Structure formats: C-alpha cells, structure tokens
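Trainee: Could you take me through one helix of this model, close up? I'd like to hear how it sits in the fold.

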Amino acid sequence: MTPGRFQSFEGVADDYDQTRVIPAAQLEEIARLLSREAHLDRGGLFLDAGVGTGRFAAPLAHLCPAQVIGADVAPAMMARVASKAPQGSLSLVQADLQRLPFRAGAFSGALLVHILHLIEQWPLVLRELHRVLVPHKGCLFLGVEQGGRSALVDFYYERARARHALAASLGSPGLAPVLTHLRRVERAGGAGAQVVQMETPALSWKRVVPVAATLEALSGRTYSQMWDIPDAVHAALLAETRHQARRMPRGLDSVETLSSRFVLYKAWWG
Ligand SMILES: C[S@@+](CC[C@H](N)C(=O)[O-])C[C@H]1O[C@@H](n2cnc3c(N)ncnc32)[C@H](O)[C@@H]1O
C-alpha cells in the first residue's frame, strides 16, 4: 500500500481551538489516563500522532516526565502548541503519519484523535504506529469526542446532504472500522492488536455555546467535510442556517447547551 491523499488543517489553524473545546479538567484527566496506561511516570517517549494545536500533547507534557513528540503535516496548527507546553518537554515534527521519520520501537505510547477520517490510506498509519511502538509493551490510544454537536451544525449538514454537497470522509468513516481492522488482523493470527475501551467516567461535560459562535464557525468552514462545498452552495446553506437560528427563542442571541463525552480505546500487540 502506497501513501495516499490526506486533508491538512493548515488553513483552519486560527479558528481550530475555539471550535473544538474540551474543558481543562477533562484534558488533565485524559493526560493522567495516558500517563498511567503508558507508564510515562518512568519517562520514555510518547507520540501524539496528528498533534494539531496540541490539545492533548500540551497537558501531557505538563503532567509527566516523558518526552512528548507531536507530529503533523500542518505547521500552522503546530505553531499553536509552543505557547501551551513547558519548554523542552514537547517536540514538534512536520511529518506525514503514513511515513513516520522515527526508528522502530521508540515510543512507549501513541495517541490518535480525530485523524483517520482525513487519511485515505489510514491502515498505513496504523501500521506505522505499530512499527514505532516498543514491541509487546507500547500502547496505541484512539480517542473520539462524541455528542456536543450543535443542532444548527446538524441543520447545515442535513441541508448540505440533501443537495449532495457533503463530501464523504476521505479516510475511515468512523472509529468502528478502525477497531475492526485492528481486531481482524488479530483473528488472522498475524501481529494483531488487542483492543479495549477504557473506563472514562470523568470524561463527560456540558458546554453553553452562543449560537453566534456556531454560525461563525460554520461560516469559517472549520469542519473538514465542508471544505469541498462550492462557495455559492455554502453561502446558501449559511443563509438557511441563519434563518433557522433566528427562529430560536432568543434568535441570534440564543445559546445551546451541548453535552459531550470523550471515549478512549487502548490497543496493544501482545
Ligand atoms: C481534526 S485535527 C485533530 C488534531 C488533534 N489530534 C486534536 O484532536 O485536536 C486533524 C489533524 O491531522 C492532521 N493531519 C491530516 N493528515 C495528516 C497526515 N497524513 N499526517 C499527519 N497529520 C495529518 C491535520 O493537519 C490536523 O492538524
């Protein structure tokens, strides 16, 4: 399998953090879980694969003595990381996850959050991550944020779908095929992974989000499925979504309360 296409977030770095908010308490809890499960209290190397703006890598670098490495294709995203992490504890590498510039067996753990839907040949990424993990001990963590989506974003997407304007994911259509892929390899008797969902009772939260902020995020197309929608169609969809927002009890001054949870899977090759 040769590396294929992927979607870099280089163009949306300015808006990314405002539209993907996880409260600090939950980010710290995720860092604690990763540190505990990958034994990072003993040091070692941890890879945040597709580090983006460092939402997960920065709290981890604050918490544990391990050296955290963030890899991403988008320098503009990674430029946001430096101010968040203590100096020297986090290194950034511009790299395609399909061809990692790291030696085999180097990392105690690696994290993937919201990446594989962006990469056409996503199994290659899993193969690369397996290669760079410490044999038999290194863990791959796969995280996903569930819920938390505004009714207005759903409205925009439904209308876009009805116009056949919403692109399918370039990569994996969700986490389920990724877990199946990891487990299928295991059943075939190869070097397959065991996969478990971790207990994460503390990883639920609610957020109050102004409708105006949601409309701004939609307007700036920070969500990758929106990038290929033609400008004229996007403008029409935005106008319809604004109209829908005006029908809410307080119109454009309304807020939505969004409930989210973070689900974390751990995979390892015994
Ligand atoms: C949705 S963001 C997720 C970032 C971070 N994991 C988080 O959850 O905040 C996806 C990131 O993957 C990066 N990306 C996409 N394709 C990539 C590839 N082939 N190699 C490395 N990074 C890639 C994008 O540039 C972007 O920063």
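Mentor: Let's look at helix α6, with some words on the whole chain first and a couple of other spots afterwards.

Keep in mind that this is a predicted model. The protein has 9 helices and 8 strands, and its C-alpha trace spans about 55 × 40 × 35 Å along the principal axes. A compact globule of 270 residues would have a radius of gyration near 18 Å, and the protein comes out at 19 Å, so the two agree. Buried residues account for 34% of the 270. If you take the contacts between residues at least 6 apart in sequence, 77% of them join residues at least 24 apart.

Now for your helix. α6 covers residues 151-162, which makes 12 residues. At 1.5 Å a residue it should span 16 Å, and its end C-alpha atoms are indeed 16 Å apart, so expectation and model agree.

Next, which way do the side chains point? The buried residues of α6 are L152, V153, Y156 and A160. Look down the helix axis and these buried residues fall within an arc of 105°, so they line one face of α6. Turn to the face pointing away from that buried side and you'll find the exposed residues D154, E158, R161 and A162.

What does the buried side of α6 pack against? Its partners are α8, residues 211-219, and α9, residues 231-246. So much for the two faces; at the end of the helix, have a look at H164, which follows α6 and has a positive phi, near 55°.

Elsewhere in the chain, try R20, which lies in the loop between α1 (13-19) and α2 (24-37). R20 has 17 C-beta neighbours inside 10 Å, so it counts as partly exposed; the buried class would take 20 or more. R20 also makes a nice example of chain folding back on itself in sequence terms: R55 is 35 residues away along the sequence, yet the C-alpha atoms of R20 and R55 are 9.0 Å apart in space.

Last stop, the ligand. There are 20 residues around the ligand, and those that come nearest are F6, F9, G50, G52 and A74. By type, this shell splits into 10 nonpolar, 6 polar and 4 charged residues.

So, back to your helix: picture α6 with L152, V153, Y156 and A160 buried, that side packed against α8 and α9, and D154, E158, R161 and A162 exposed on the face turned away.

Note on methods: Residues numbered from 1 in each chain as written. Predicted model: local features only at pLDDT ≥ 70, side-chain atom pairs only at ≥ 80, totals over all residues. Near = placed C-beta within 6 Å. Nonpolar A, V, L, I, M, F, W, Y, C, P; charged D, E, K, R; others polar. Helix = DSSP H or I, 4+ residues; strand = E, 2+ residues; numbered from the N terminus. Expected span 1.5 Å × (residues − 1). Buried ≥ 20, exposed ≤ 12 C-beta atoms within 10 Å, placed from the backbone. Arc of directions from axis to C-beta. Contact = placed C-beta atoms within 7 Å. Rg over C-alpha atoms; globule rule 2.2 N^0.38 Å.
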